[in-house]
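Colleague: Got a minute to walk me through this one? I'd like to start with the charged pairs and then move on to the sheet and the cores.

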Amino acid sequence: MGKIIKVSGPLVVAEGMADANMADVVRVGPQRLIGEILNMTGERASIQVYEETSGLGPGAEVETTGAPLSVELGPGLIENIYDGIQRPLEEIVKRVGANITRGIEVPPLPRDKKWAWTPAAQVGDSVIGGDVLGTVPETASVLHKIMVPNGVAGTVEWLADAGEYTIQDTVAHIRTPKGELRELTMVQKWPVRVGRPYQKKFPPETPLQSGQRVIDTMFPIAKGGTAAVPGPFGSGKTVVQHQLAKWSDVDIVVYIGCGERGNEMTDVLREFPELTDPRTGETLMKRTVLIANTSDMPVAAREASVYTGITIAEYFRDMGYHVAVIADSTSRWAEALREMSGRLEEMPGEEGYPAYLASRLAQFYERAGIVRCMGSEERTGSLTAVGAVSPPGGDLSEPVSQGTMRIVKVFWSLDASLAYRRHFPAINWLNSYSLYLDSMRPWFDEHLGADFMVNRGRAMHLLQEENELNEIVQLVGKDSLSPNDQLTLEIARMLREDFLQQNAFMDVDSYSSFDRQKRLLALILHYEDLCRAAIAKNAPLADLFTIPGREKLGWAKYTEEGQYAAEYDAIAQEMADEIDALMQKAGEDR
């Protein structure tokens with residue numbers, strides 16, 4: 001038990017804390033505010049308080065819990081909405097109303113709810129950490145696996161029969177090699193700042209399908225990979241991340257609203273229950289965990305929120321699921337680090353950020369990956385991390401952007417000018433990149449054919465050529481270009497408007513499968529091939545651009561899901577016939 005001697009915003013200094021340890025969670029003052037020890041100097045502790053500290057003064061008592069900041073892991077996580085330190089916001093609203101009172105203590109997982117337990121192990125089995133003891137159907141989309149906690153091993157002496165139990169009921173007895181009897185429940189705790197262990201990490205080689213053509217075709221991310229979405233205010237970072245959360249082919253989504261505006265989190269809370277998951281037919285909330293730490297919540301809890309989210313994600317990864325963590329935004333997380341660092345009077349680094357900013361960013365992104373899970377049964381799970389970056393004024397040379405770009409392998413550079421032109425997703429195809437293309441090429445060649453990556457390369461080349469030609473056009477005008485260069489500009493425009501741009505308000509275009517993307521890109525490039533052959537035979541360029549098949553190609557992305565393959569083949573044949581007729585006419589005219 002210690003006494004407060006100094007209060008500086010969310011930073012509290014207490015003395016008489018000789019029995020406490022670094023990173024311990026403490027209860028501060030008469031309201032028992034939650035805090036965490038940041039550093040120890042003799043008997044004096046600097047404490048980061050995760051709640052508003054107004055009214056707190058010197059002399060108030062500080063009590064240590066003797067444990068680091070941890071999350072509860074068990075049935076009840078899915079569909080829940082937590083704040084940055086895993087307090088269930090919906091349950092708090094039921095108890096105290098819309099305004100969260102300070103010092104409130106609410107268990108993260110429901111204690112009275114009964115879950116349908118089915119044993120998966122047997123009495124007499126030898127088990128280690130990560131082995132599955134039983135399963136619980138948490139939602140219609142997620143089968144929750146109750147695992148032996150890491151660090152526990154032994155022989156199963158008793159297992160609960162199939163039936164309904166709460167998370168606090170004992171479901172197994174494990175006799176350890178030392179002869180100790182461990183009683184296990186459905187819930188386990190894990191410190192958020194410590195990554196959960198795994199047996200082996202693999203190189204990411206399978207693409208994460210997002211349904212967004214500019215991502216999946218041009219700049220794909222692998223399952224178990226890392227990506228950054230940087231861009232200035234209003235460029236559509238949240239739009240891109242919402243689309244990823246909605247449509248990615250993962251089993252679980254953990255969405256972290258870290259310092260996000262309240263109205264944007266409200267949009268997520270309203271939309272997700274109404275959206276249908278294309279994989280299961282259920283609502284998206286049936287496989288989603290939300291961490292809501294909005295910009296008006298205490299800044300200290302913002303720093304903890306990303307660790308809370310990624311620890312929950314690792315827990316589901318250990319079950320063998322594919323998990324995506326969407327962090328929006330890591331810049332506001334870094335601002336929380338900067339504020340706390342300033343109050344601790346640490347030596348500032350570039351732009352006032354702490355000197356350890358880059359290492360903290362690396363610690364977050366390095367917890368992503370595709371791994372062989374702990375346990376005697378061979379399971380593979382993946383954790384994909386996507387973080388938004390909000391550089392002030394769109395300046396990508398600032399420390400958070402630069403630190404992130406050194407770590408992540410996919411960079412989706414958002415462009416405010418594209419967003420203003422209503423081109424969504426507003427990802428700039430000239431500044432973005434993906435370093436997973438080579439490792440994923442065998443997957444693309446096997447599942448989509450070798451032509452897919454060839455066409456992707458052609459499309460990127462055309463878009464880069466367009467950028468170079470536009471500089472010439474601005475000087476001498478479009479009419480001074482050769483017919484082949486004018487065709488390059490037209491095909492690049494089609495790629496931008498008919499392929500890269502998507503309409504989130506139309507279900508048929510909001511999500512695009514890999515097969516559909518492959519066929520649509522091939523159709524546009526087929527039109528280019530036909531036109532280049534026709535230009536060589538002196539066919540008029542204006543006539544090539546106005547054939548009826550060209551107009552149908554512009555509407556091809558809106559074709560209904562079950563009809564697109566036949567429709568694209570029909571358009572290709574129609575264009576070939578019409579351009580062939582123009583070539584014959586050009587030959588006759590000569």
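Modeller: Sure. One term up front: a residue counts as buried when its relative accessible area is under 20%. And keep in mind that this is a predicted model.

Colleague: Then are Arg 196 and Asp 318 buried or exposed?

Modeller: Their side chains meet in a salt bridge, with N to O at 2.7 Å. The two come from distant parts of the chain, 122 residues apart: Arg 196 from the loop between strand 17 and strand 18, Asp 318 from the loop between helix 5 and strand 22. By the under-20% cut-off, Arg 196 and Asp 318 are both buried.

Colleague: How many salt bridges does the structure hold?

Modeller: That pair is one entry in the list, and side chains of opposite charge can pair when their charged atoms come close. The cut-off here is a Lys or Arg side-chain nitrogen within 4 Å of an Asp or Glu carboxyl oxygen. On that basis the count is 34.

Colleague: Which residue does Arg 213 form a salt bridge with?

Modeller: The closest N and O atoms of that pair are 3.0 Å apart. Arg 213 sits in helix 2 and its partner in helix 13, so the bridge ties together parts that are 296 residues apart in sequence. Both residues are buried, and the partner is Asp 509.

Colleague: Switching to the sheet: which strands stand at the edges of the open one with the order 10-13-15-16?

Modeller: That sheet has four strands, and the pairing is antiparallel. Strand 10 pairs with strand 13 over two bridges, and Val 127 stands opposite Gly 154 in strand 13. Each edge strand has a single partner, so one side of it is left without a neighbour in the sheet; these are strand 10 and strand 16.

Colleague: Which helix gives the most to the largest nonpolar core?

Modeller: That core has 81 residues, and Trp 412, Tyr 527, Leu 544, Leu 553 and Ile 579 touch the most other members. Leaving aside neighbours within four places in sequence, Tyr 527 is in contact with residues including Leu 544, Leu 553 and Ile 579. With eleven residues in the core, the top contributor is helix 14.

Colleague: And how many residues are in the other core, the one with Phe 316 and Trp 333?

Modeller: In soluble globular proteins, nonpolar side chains tend to be buried together. This other core lies apart from the largest one and also has Val 148 and Met 319 among its members; its size is 74 residues.

Note on methods. Residues numbered from 1 in each chain as written. Predicted model: local features only at pLDDT ≥ 70, side-chain atom pairs only at ≥ 80, totals over all residues. Heavy atoms only, no water. Buried < 20%, exposed > 50% of the residue type's maximum accessible area, 1.4 Å probe, protein only. Pairing = 2+ DSSP bridges. Core = buried A, V, L, I, M, F, W, Y, C linked by side-chain atoms within 4.5 Å. Contact = heavy atoms within 4.5 Å.
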